[in-house]
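The exercises below work through one chain, from its overall make-up to the packing of its helices and the surroundings of single residues. Each task is followed by a solution in steps.

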Amino acid sequence: MLRHLRLLAVQFRASLQTSMQYRADFLVQGAMSFFWMAWAVVPLLVVYGKRQSVAGWTLDEALVVLGWFLAMKGLLEGAVNPSLASVVEHIRKGTLDFILLKPADAQFLVSTAKFAPWHVVDLVAGFGVIVWALSRLGRVPGPAEVGAALLLTACAVAVLYSLWILVVSAAFFVVKVDNLSFLFLSIFDAARWPASVFTGFWRVVFTVVIPLALMTTFPAEALLGRIPPGTLVGAVAGSLAFVAASRVVWTRAIARYTSASS
């Protein structure tokens with residue numbers, strides 16, 4: 001564990017140094033993160049400008065969900081997507097050999113190969129929106145509620161990472177998966193809304209198949225003190241299942257890899 005933490009620190013430091021080589025670009029990207037954060041609030045203001053609540057959620061409660069969405073999106077675009085997107089290029093060029101030959105787990109190395117440090121702005125902004133929304137509600141979550149929210153956040157990160165591993169693993173079979181990654185990013189935008197907004201078929205899809213509810217709505221409900229214990233248990237079990245499935249798929253995909261020397 002300590003060895004992997006040291007490797008993670010090395011990989012992150014290398015990404016930070018690379019980003020800082022182009023300071024103007026680094027500052028512009030940070031500014032754009034602020035812009036997209038502000039733009040993400042606009043749809044909620046438009047919808048709630050005409051009504052007091054939507055699917056049982058007030059504006060301030062929906063802002064808590066939006067805060068989790070911004071934090072998860074920052075994690076996706078700042079840590080998960082940059083690293084795993086580079087795997088596709090390695091597979092196309094046959095240069096994945098250089099990673100497989102290193103004395104460390106290949107999945108860990110490709111998952112931490114590259115970071116976009118400016119997206120830390122999204123993480124800070126997301127938690128800032130959550131604090132602001134809770135203050136508007138006059139609510140201070142207790143230790144149990146904060147603990148449940150953090151546990152659900154860990155589950156959300158695990159599921160988000162596992163889904164991306166599944167998408168990237170498809171590159172070993174079909175090579176061209178750029179459209180799949182764009183599709184996933186587009187679908188993820190739906191996570192800015194509380195899960196109860198969706199009904200019927202889409203409710204099942206965004207809760208079970210692509211569990212967007214786990215990534216944003218469930219942690220928000222935990223902070224608001226209305227997460228059922230059964231949902232918490234189900235989220236933990238479901239996230240473990242996603243992690244196990246992604247590991248199995250990755251292992252089998254690696255076995256199909258034909259290197260540049262083959």
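**Exercise 1. The chain as a whole**

What percentage of the 262 residues in the chain do buried residues make up? Describe also the order of the elements, the separation of the contacts and the accessible surface.

*Solution.* The model is a predicted one, and the values that follow are computed from it. Step one: buried residues make up 45% of the 262 residues in the chain. Step two: the secondary structure consists of 12 helices and two strands, and when the elements are read from the N terminus, their order is α-α-β-β-α-α-α-α-α-α-α-α-α-α. Step three: among the contacts with a separation of 6 or more, 80% join residues 24 or more positions apart. Step four: the accessible surface of the chain is about 13,500 Å², and carbon and sulfur atoms account for 70% of it.

**Exercise 2. Helix α7 against helix α12**

At what angle do α7 and α12 pack, and how far apart are their axes? Classify the pair and describe its contact.

*Solution.* Two packed helices are described by the angle between their axes and the distance between the axes, so these two values come at the start. Helix α7 covers residues 143–169 and helix α12 residues 229–255, and they pack at an angle of about 25° with their axes 8 Å apart. Because angles under 35 degrees count as roughly parallel, α7 is roughly parallel to α12. The handedness comes next: the crossing of α7 and α12 is left-handed. On the side of α7, the residues that meet α12 include Leu151, Leu152, Cys155, Val159, Ser162 and Leu166, while the α12 residues include Leu232, Val236, Ser239, Phe242, Val243 and Trp250. Sorted by character, the residues of this contact comprise 18 nonpolar, four polar and no charged.

**Exercise 3. Ser162 within the α7–α12 contact**

Is Ser162 buried or exposed? Identify the residues with which Ser162 is in contact.

*Solution.* Ser162 is found in helix α7 and is one of the residues there that meet α12. The relative accessible area of Ser162 is 0%, and because buried means under 20%, Ser162 is buried. With neighbours within four places in sequence left aside, the contacts of Ser162 are with Phe242, Val243 and Ser246, and these three residues are listed among those of α12 that meet α7.

**Exercise 4. Helix α3 and its two partners**

How do α3 and α7 pack, and at roughly what angle does α3 cross α11? Classify both pairs.

*Solution.* For the pair α3 and α7, the angle is about 30° and the axes are 10 Å apart. That makes α3 roughly parallel to α7, and their crossing is right-handed. Among the residues that meet are Trp68, Met72, Leu75 and Leu84 in α3 and Val157, Tyr161, Trp164 and Ile165 in α7. The contact of α3 with α7 holds 15 nonpolar, two polar and no charged residues.

For the second pair, helix α3 (residues 59–93) and helix α11 (residues 212–223) have axes that come within 8 Å and cross at roughly 130°. α3 and α11 are therefore oblique to each other, and α3 passes α11 in a right-handed crossing. This contact is made by Val64, Val65, Trp68, Phe69 and Met72 of α3, together with Met215, Thr216, Thr217, Pro219, Ala220 and Leu223 of α11. The residues of the contact of α3 with α11 comprise nine nonpolar, two polar and no charged.

**Exercise 5. Three residues of the α3–α7 contact**

Which residues are in contact with Ile165, with Tyr161 and with Leu75, leaving aside neighbours within four places in sequence? State also how accessible each residue is.

*Solution.* Ile165 lies in helix α7 and, at 0% relative accessibility, counts as buried. Its contacts are Leu84, Gln107, Ser111, Ser246 and Trp250, and the C-alpha atoms of Ile165 and Gln107, 58 residues apart along the chain, are separated by 8.9 Å.

Tyr161, found in helix α7, is partly exposed with a relative accessible area of 23%. Tyr161 is in contact with Leu84, Gln107 and Ser111; from Ser111 it is 50 residues apart in sequence and 8.9 Å apart in space, C-alpha to C-alpha.

Leu75 lies in helix α3 and counts as partly exposed at 21% relative accessibility. The contacts of Leu75 are Val80, Leu123 and Val157, while Leu75 and Val120 are 45 residues apart in sequence and 7.9 Å apart in space, C-alpha to C-alpha.

Notes: Residues are numbered from 1 along each chain as its sequence is written. This is a predicted model: local features need pLDDT of at least 70, side-chain atom pairs count only at pLDDT 80 or more; totals for chains, interfaces and linings use all residues. Side-chain values use heavy atoms; hydrogens and water are left out. Axes are lines fitted to C-alpha atoms, for helices over the stretch in contact, and angles run from 0 to 180 degrees between N-to-C directions. Helices (H or I, at least four residues) and strands (E, at least two) are DSSP runs, numbered from the N terminus. Angles under 35 degrees count as roughly parallel, over 145 as roughly antiparallel, 65 to 115 as roughly perpendicular and the rest as oblique. A crossing is left-handed if the near helix is turned anticlockwise from the far one by less than a right angle, and right-handed if clockwise. Contact means heavy atoms within 4.5 Å. Ala, Val, Leu, Ile, Met, Phe, Trp, Tyr, Cys and Pro count as nonpolar, Asp, Glu, Lys and Arg as charged, and the others, Gly among them, as polar. Buried means under 20% relative accessible area, exposed over 50%, partly exposed in between (1.4 Å probe, protein chains only). Accessible areas come from the Shrake-Rupley method with a 1.4 Å probe; for residues, only the protein chains shown count as cover.
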